[in-house]
Amino acid sequence: NILGKAPDDPRLEDVYTLGKQLGKGAFGIVRQATKKATGEVLAVKSIAKSKLMCKEDVKDVQAEVAIMNLVGGHPNVVTLKSTHEDKDSVHLVMELCAGGELFDTIVESGNLTEKKAAEVFRKMVEVVHHCQVLGVMHRDLKPENFLLTSKEAEGELKLTDFGLGVFFKSAQRFKDLVGSPYYVAPEVLRKNYGHEADLWSLGVILYILLSGLPPFWGDTEEQIFKMVLRGHVDFKTDPWPKLSEAAKDCVKKLLEQDVSKRATAAQILKHDWLVKAGVAQDVSL
Ligand code: ADP
Ligand code: MG
């Protein structure tokens with residue numbers, strides 16, 4: 001019993017009617033689920049116990065639940081509604097993000113205008129700041145893990161997938177090589193990193209929001225890693241010459257190899273680009 005449930009805890013199928021598949025990941029699948037009692041439509045991530053190979057994997061699932069419970073409640077974090085467990089799986093019932101992944105929106109519409117990018121990006125930095133204040137590092141920030149509540153203009157951005165998330169103490173160093181190749185920070189590849197690694201990933205995301213292309217790329221994982229470690233960022237290719245100096249400066253301050261010089265979430269929230277794009281709220285930090 002991974003989640004410490006009582007034997008008489010209601011089963012997933014008793015409470016919800018399961019519907020279409022919404023997504024799939026390394027540990028399980030995400031489906032739509034309708035609450036029988038109310039008709040409320042939600043999403044359920046089912047993690048197959050057969051894929052949890054070791055004690056660490058089990059701890060990771062427990063951490064995913066604990067982290068979602070802690071950082072949820074922020075308007076830009078997917079809310080965890082309830083959890084269930086049966087012989088084969090652990091189920092996380094979450095609010096539904098019917099607009100799908102931000103990644104697909106970028107693919108459909110290409111790069112965003114600076115104003116739109118700043119609007120979206122400010123929310124991303126705010127939510128990462130919120131997590132860091134609570135001592136949580138996400139470790140897998142990428143456009144696939146930012147969902148939209150709707151495809152319409154009023155769709156809200158929601159961070160999800162805390163499957164690689166960890167609790168950290170301020171100076172704590174980690175060495176697990178986790179994340180996704182395009183977004184992974186150089187110090188993660190060097191297996192000695194802290195919470196600043198999430199800011200690097202945000203820099204990669206911002207570069208993609210503004211240009212439609214990843215800053216570090218290659219045909220294989222090794223080639224991508226080589227580019228990340230080299231750290232050269234191209235601002236010469238279209239559309240960069242047309243974009244503002246402030247936007248480029250924001251990217252540069254995040255894609256900073258030296259973690260002691262890399263911008264913090266609080267600094268980015270006060271960066272000229274976010275402030276002058278007319279979208280920054282007063283942040284009391
Ligand atoms: P994994 O750890 O396997 O990557 P995620 O939590 O990222 O699992 O879920 C995988 C995919 O399922 C997401 O990228 C998204 O497409 C979809 N998904 C996850 N949660 C939701 C949700 N609350 N609403 C809608 N789709 C979701
Ligand atoms: Mg994911």
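Trainee: At what angle does helix 2 (residues 55–71) run to strand 4?

Mentor: Helices (H or I, at least four residues) and strands (E, at least two) are DSSP runs, numbered from the N terminus. Axes are lines fitted to C-alpha atoms, for helices over the stretch in contact, and angles run from 0 to 180 degrees between N-to-C directions. Helix 2 lies across strand 3 (41–48), strand 4 and strand 5. The angle of helix 2 to strand 4 is about 155°.

Trainee: What kind of model is this, and what pLDDT do local features need?

Mentor: Residues are numbered from 1 along each chain as its sequence is written, while chains are lettered from A and ligands numbered from 1 in the order in which they are written. This is a predicted model, in which totals for chains, interfaces and linings use all residues, side-chain atom pairs count only at pLDDT 80 or more, and local features need pLDDT of at least 70.

Trainee: In what order do the strands of the five-stranded sheet stand?

Mentor: Two strands pair if DSSP finds at least two bridges between them. In this open sheet the pairing is antiparallel. The order of the strands is 1-2-3-5-4.

Trainee: Which strands of that sheet have one side left without a neighbour?

Mentor: A strand at the edge has a single partner strand, so one side of it is left without a neighbour in the sheet. From one strand to the next, the twist averages 25°. The edge strands are strand 1 (16–24) and strand 4 (80–85).

Trainee: Which residue of strand 5 stands opposite E85?

Mentor: Strand 4 and strand 5 (residues 89–95) run antiparallel and are joined by five bridges. Opposite E85, in strand 5, stands V90.

Trainee: How many residues lie between strand 1 and strand 2 in their hairpin?

Mentor: Strand 1 and strand 2 (residues 28–35) run antiparallel, with six bridges between them. One opposite pair is Y16 with K35 of strand 2. The number of residues between the two strands of the hairpin is three.

Trainee: Which residue takes a positive phi in the hairpin of strand 2 and strand 3?

Mentor: Strand 2 and strand 3 are antiparallel and share seven bridges, and R31 has V44 of strand 3 as its bridge partner. Their hairpin has five residues between the strands. The residue there with a positive phi, near 85°, is G39.

Trainee: Which elements give two or more residues to the shell around ligand 1?

Mentor: A residue is near a molecule or strand if its C-beta atom, placed from the backbone, lies within 6 Å of it. Around ligand 1 there are 19 residues, and the closest are G23, G25, V30, A43 and D161. The elements with two or more residues in the shell are strand 1 and strand 3.

Trainee: How many residues of that shell around ligand 1 are charged?

Mentor: Ala, Val, Leu, Ile, Met, Phe, Trp, Tyr, Cys and Pro count as nonpolar, Asp, Glu, Lys and Arg as charged, and the others, Gly among them, as polar. The shell has 10 nonpolar and five polar residues. Its charged residues number four.

Trainee: What is the phi of D161?

Mentor: Most residues other than glycine have a negative phi, and most peptide bonds are trans. D161 lies in the loop between strand 9 (157–159) and strand 10 (166–167). Its phi is positive, near 60°.

Trainee: Which two residues are joined by a cis peptide bond?

Mentor: The loop between helix 7 (221–230) and helix 8 (245–254) holds P239. The cis bond has an omega of about 5° and joins D238 and P239.

Trainee: How is helix 4 (residues 114–133) oriented relative to helix 6 (residues 197–211), parallel or antiparallel?

Mentor: The axes of the two helices come within 10 Å and cross at roughly 165°. Angles under 35 degrees count as roughly parallel, over 145 as roughly antiparallel, 65 to 115 as roughly perpendicular and the rest as oblique. Helix 4 and helix 6 are therefore roughly antiparallel.

Trainee: How many residues in the contact of helix 4 with helix 6 are nonpolar?

Mentor: Two residues are in contact if their C-beta atoms, placed from the backbone, lie within 7 Å. E114, A117, V120, F121, M124, V125 and V128 in helix 4 meet D198, L202, I205, L206, L209 and L210 in helix 6. By class, two residues are charged, none is polar, and the nonpolar count is 11.
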